[in-house]
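Student: I'd like a close look at one part of this protein, a small sheet and what sits around it. Could you walk me through it?

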Amino acid sequence: MRNGGIRKETRSSALWGTGNRGGESRSSALWGKGGRGAITALAAMLVLSVPFAASAPKHARLASPAGPKKTWVAPGLLKGAKLHPNQYVRVIIQSTNGSISPALSAFTHVSQFADDDRSGLTRRLSLVDGVAATVRARDVARLTKLRNLIVTPDAQVHVSGFSSDQLWPYETGVSKAWSGPDAPRSGSMPAIAIVDSGVETPRKDFGNRVVASVKFSTLPNDSPGDGRGHGTFVAGIAAGGADHYTGAAPQAPIVSLDVMDDNGVARTSDVIAAAQWILANKAKYNIRIANFSLHSATPSHFFQDPLDQAVEQLWFNNVVVVAAAGNYGYPDKPSGVLYAPGNDPFVITVGAIDIGGTKNIHDDINAPWSAYGRTLDGFMKPELSAPGRYMVGPVPDGSTLAIQRADKVVEKGYIQLSGTSFAAPVISGAAAQILAKHPTFTPDQVKGALMASTKDVDGAALGSVGVGELQVSRATGFLSPPNPNRALERWVKKNLVTSQLSFDAVSWLDVAKANVSWDSVSWDSVSWTDAAWDVVSWADVSWASVSWADVALSDVSWADVSWADSSYEDAAEGDTTGDPTGYQLTPEEAAEIMADPDTAPDPSVLPADVVPDAGATEATGATGATGATGAAGALGG
């Protein structure tokens with residue numbers, strides 16, 4: 001049974017409300033309270049209206065007795081008209097008397113009440129005696145006073161196989177690029193390198209998109225393929241394409257680099273070797289993103305750690321590096337982000353958000369185990385966050401994860417896990433979407449676009465989610481995003497012999513010790529003003545508030561630690577706390593949430609540099625930041 005072990009017969013959720021699953025009263029993710037039967041009927045109509053119209057002759061639809069018929073308007077539209085009267089919605093108005101004229105007249109009738117020019121006729125649909133149009137929600141009710149009409153939402157239709165019964169793709173907005181006008185052009189999507197325990201191939205989640213698979217692990221307990229299961233799960237979140245389990249960027253090619261054994265342990269030297277391979281083969285496979293859901297075993301300074309230096313070379317050579325923050329956080333205070341590669345300023349470090357099992361962004365919080373705070377060098381981490389709690393993804397049946405977490409297997413080949421390891425690939429998929437639209441963007445620009453387009457997480461502790469939660473539709477709209485690493489650029493030097501770029505840590509350290517406001521250039525009017533963040537912003541936790549006494553550089557030295565040449569996944573927690581109800585959706589719920597106009601960004605809150613989607617409808621929300629970021633760790637989920 002799919003999603004077995006997750007659902008309950010009675011559940012309370014802001015998505016559907018409180019009540020028995022079989023009852024008629026539940027809350028609608030689209031507009032609010034409504035009957036289950038009406039929603040199911042609406043979903044069926046949305047799915048079946050085109051085949052019926054295409055195959056049934058017109059006289060079959062006119063076989064009922066003649067005379068005026070009461071107009072039917074989808075219940076969700078009417079409820080929305082009451083809850084969101086000033087929003088604009090896309091509708092399909094059909095005539096039931098065999099002529100398109102009543103549908104055209106109906107649109108003309110309601111459009112006369114519009115007080116601006118946003119209402120409009122999208123197209124004529126003579127095949128179904130109808131029109132597609134944009135109208136003010138409050139004017140939908142006027143259609144009920146007319147006769148011989150059927151009015152339904154002009155819902156998004158997703159390609160078969162690109163669908164999810166999970167809530168997170170819709171909350172983050174990644175689902176908007178699965179199909180339709182926001183989908184990437186054929187061949188434009190860059191490859192994502194998954195540096196992990198391997199990726200199981202073939203399976204329906206990835207089709208033929210695993211373009212390279214290389215084994216680097218030198219540990220003895222490493223089975224062929226993906227004996228651990230962690231890498232397959234991470235790849236599924238980043239770029240899975242299976243029906244009901246679609247990941248963030250299902251069109252992206254995948255490069256599988258196996259560095260972990262069946263226990264989730266990797267030699268740091270093997271991870272560095274994988275980074276070296278990416279650098280040598282990035283042009284061959286168009287690798288633009290590298291996902292590291294792992295961290296080293298020892299706290300370190302980024303300018304001394306070899307793994308940090310390895311990922312910096314990827315960053316300086318145009319590969320976006322995404323690292324998980326770690327699962328060693330505290331529920332009531334910062335933990336710091338202490339491990340490579342997430343402690344490095346030249347990566348995107350990702351924290352995990354608990355989305356609360358609802359599409360209401362105002363009930364989101366930081367996951368209580370997600371690491372955050374300052375690195376040993378004073379940088380705040382994570383930069384931003386993404387959903388990472390109660391995620392469902394693919395797992396090989398015989399893998400150690402599937403065996404050890406058998407109670408979390410929701411159906412054959414799929415498991416539910418929590419961790420920053422699984423928030424990181426959401427950002428990796430989002431980065432692929434950005435680069436598909438803006439292939440010339442540098443890693444700094446991708447990082448800036450992601451950070452400047454986040455939304456607030458109202459319930460999160462300050463700094464625990466970085467500047468906020470991923471909102472892809474805003475990030476992809478930037479033409480010239482700000483550079484979060486601008487203050488560090490003066491210490492990025494080119495080797496005159498090898499032409500390789502590297503970070504001059506010695507010179508940076510001298511300046512940083514002498515001047516705690518060395519990074520003020522990052523927050524001047526040239527750089528970040530257009531991001532339109534609120535008062536709880538990244539600038540509030542910038543370097544100027546750090547003293548070297550707080551950083552305590554001398555606290556960690558290679559002599560003080562027992563250095564082991566190993567890195568670890570981020571625990572792949574089963575997460576037995578909290579209530580997983582609501583994070584997974586029924587097909588009806590998923591169909592309805594995809595038709596929800598609130599999934600579109602509100603152009604009024606986009607940064608000035610963002611070009612809004614021409615088809616976006618009005619929605620609520622605001623850009624913002626809730627703090628800053630912290631450290632890294634061996635993340636695995």
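Student: Which residue in strand 24 is the bridge partner of valine 409?

Tutor: That would be isoleucine 415. Keep in mind as we go that this is a predicted model. The link you picked belongs to a pair of strands: strand 23 and strand 24 (residues 414–417) run antiparallel and are joined by two bridges. Zoom out a little and you'll find an open sheet of three strands, in the order 22-24-23, again with antiparallel pairing. Strand 22 (391–394) and strand 23 (409–411) are the edge strands, each having a single partner, so one side of each has no neighbour in the sheet. The strands don't line up perfectly either: on average, neighbours in this sheet are turned by 35° against each other, direction ignored. Then there's a helix to add to the picture. Helix 7 (residues 230–239) packs on the sheet, where it touches strand 22 and strand 24. The direction of helix 7 makes about 110° with that of strand 22.

Now a word on confidence, before you lean on any of this. The chain averages a pLDDT of 74, and 68% of the residues score at least 70. Among its elements, strand 14 (residues 287–292) has the highest mean pLDDT, 98, while strand 2 (residues 17–20) has the lowest, 31. Further along, pLDDT stays under 50 over residues 523–542, although the model has 59 contacts there beyond four places in sequence. Residues 547–564 also stay under 50, with 33 such contacts. Where pLDDT is low, the predicted coordinates shouldn't be read in detail.

How values were computed:
Residues are numbered from 1 along each chain as its sequence is written. This is a predicted model: local features need pLDDT of at least 70, side-chain atom pairs count only at pLDDT 80 or more; totals for chains, interfaces and linings use all residues. Side-chain values use heavy atoms; hydrogens and water are left out. pLDDT is the predictor's confidence in each residue, from 0 to 100. Helices (H or I, at least four residues) and strands (E, at least two) are DSSP runs, numbered from the N terminus. Contact means heavy atoms within 4.5 Å. Two strands pair if DSSP finds at least two bridges between them. Axes are lines fitted to C-alpha atoms, for helices over the stretch in contact, and angles run from 0 to 180 degrees between N-to-C directions.
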